[in-house]
Amino acid sequence: MEQTKPEFAVGENWNSLSYGNDGKPNPNQDAHRGALADWIQAAGGAVTAFDFTTKGILQAAVEGELWRLKDSNGKPPGLIGIKPENSVTFIDNHDTGSTQKLWPFPSDKVMLGYVYILTHPGTPTIFYDHFFEWGLKDELSKLIAIRSRNGINTKSTVNILASEANLYMARIDDKIIMKIGPKLDLGNLVPSNFQVAASGNDYAVWEKK
């Protein structure tokens, strides 16, 4: 990386999350993301890494456990919560999904995952299969446009407004608000100066007017 100075490159360091007796990831994955951060640091901070911590937590969270998306410091629990500038977020790749399906994201909740990573810091990546073969191109393109229009980037700040079983809401850079989960009663979490920019099954994104 240091010798070639590529415009963009990402490394893969895939280790298992820690799991409880119920077969679900433990709520605290600080050790997992810490190991990723250490790996990045060992490379002099010049490398970015796939955020496997966020993928693992997110794919458990969308199954009715959205409370998982806030760590003990009130921040995102994945690598994006501690090293967003070095984090490359993703939902699936050729190993975890596709034909291999070694660790697939729940197929009926894939859009919820994308709403999260496309509104949050880090460098989000979109899986070819999802964009071109799953019929999600239009929905994903709308989210990409919102991210681009509002300048959401690796240094964006996340203010988590709600993280309960059936609702996760966050305000990013005071420019957009996003929501995933089936809960419809949002109380007064969306100010009147925000308007819906994208919405779908169990998700919505608002932009400042």
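The following exchange introduces a predicted model through questions and answers.

Trainee: What kind of model is this, and from which number are residues counted along each chain?
Mentor: The model is predicted: local features need pLDDT of at least 70, side-chain atom pairs count only at pLDDT 80 or more, and totals for chains, interfaces and linings use all residues. Side-chain values use heavy atoms, with hydrogens and water left out, and residues along each chain, as its sequence is written, are numbered from 1.

Trainee: In what order do the 4 strands of the open sheet stand?
Mentor: Strands (E, at least two residues) and helices (H or I, at least four) are DSSP runs numbered from the N terminus, and two strands pair if DSSP finds at least two bridges between them. The pairing in this open sheet is parallel. The edge strands, each pairing on one side only, are β1 (10–11) and β4 (123–124). The order is β1-β2-β3-β4.

Trainee: Which residue of β3 stands opposite Phe-50?
Mentor: Strand β2 (residues 48–50) and strand β3 (residues 87–89) pair in the parallel sense over 2 bridges. Opposite Phe-50, in β3, stands Val-88.

Trainee: Is Thr-89 buried or exposed?
Mentor: Thr-89 belongs to strand β3. Contact means heavy atoms within 4.5 Å; beyond residues up to four places away in sequence, Thr-89 touches Asp-51, Thr-54, Ile-80, Ile-117, Thr-123, Pro-124 and Thr-125. Buried means under 20% relative accessible area, exposed over 50%, and partly exposed in between (1.4 Å probe, protein chains only). With a relative accessible area of 1%, Thr-89 is buried.

Trainee: How many residues of helix α3 are buried?
Mentor: Helix α3 covers residues 110–119 and is largely enclosed by the rest of the structure. Its buried residues include Val-110, Tyr-114 and Ile-117. The number buried is 10 of the 10.

Trainee: What is the relative accessible area of Ile-152?
Mentor: Ile-152 is placed in the loop between α5 (137–149) and β5 (158–164). Leaving aside neighbours within four places in sequence, Ile-152 is in contact with Thr-119, His-120, Arg-147, Ile-172, Asp-173 and Ile-176. Ile-152 is buried, and its relative accessible area is 7%.

Trainee: Which residue in β6 is the bridge partner of Asn-159?
Mentor: Strand β6 (residues 167–172) runs antiparallel to β5, and 6 bridges join them. The two strands form a hairpin with 2 residues between them. In β6, the partner of Asn-159 is Arg-171.

Trainee: Which residues does the UniProt annotation "domain: Alpha-amylase C-terminal beta-sheet" cover?
Mentor: The annotation comes from an unreviewed entry, and such annotations may be inferred rather than shown by experiment. Over this stretch the chain is 3% helix and 51% strand, with the end C-alpha atoms 14 Å apart. The annotation covers residues 148–208.

Trainee: How many nonpolar, polar and charged residues are in the lining of the largest pocket?
Mentor: On a 1 Å grid over the protein atoms alone, a pocket is an open set of points with protein on both sides within 12 Å along at least five of seven lines, and lining residues have an atom within 4 Å of a point. The lining of the largest pocket includes Lys-75, Pro-76, Ile-80 and Val-158. Ala, Val, Leu, Ile, Met, Phe, Trp, Tyr, Cys and Pro count as nonpolar, Asp, Glu, Lys and Arg as charged, and the others, Gly among them, as polar. By class, the lining has 6 nonpolar, 4 polar and 2 charged residues.

Methods: 1 Å grid on protein atoms, 1.4 Å probe; cavity = no way out; pocket = protein on both sides within 12 Å on 5 of 7 lines; lining within 4 Å.
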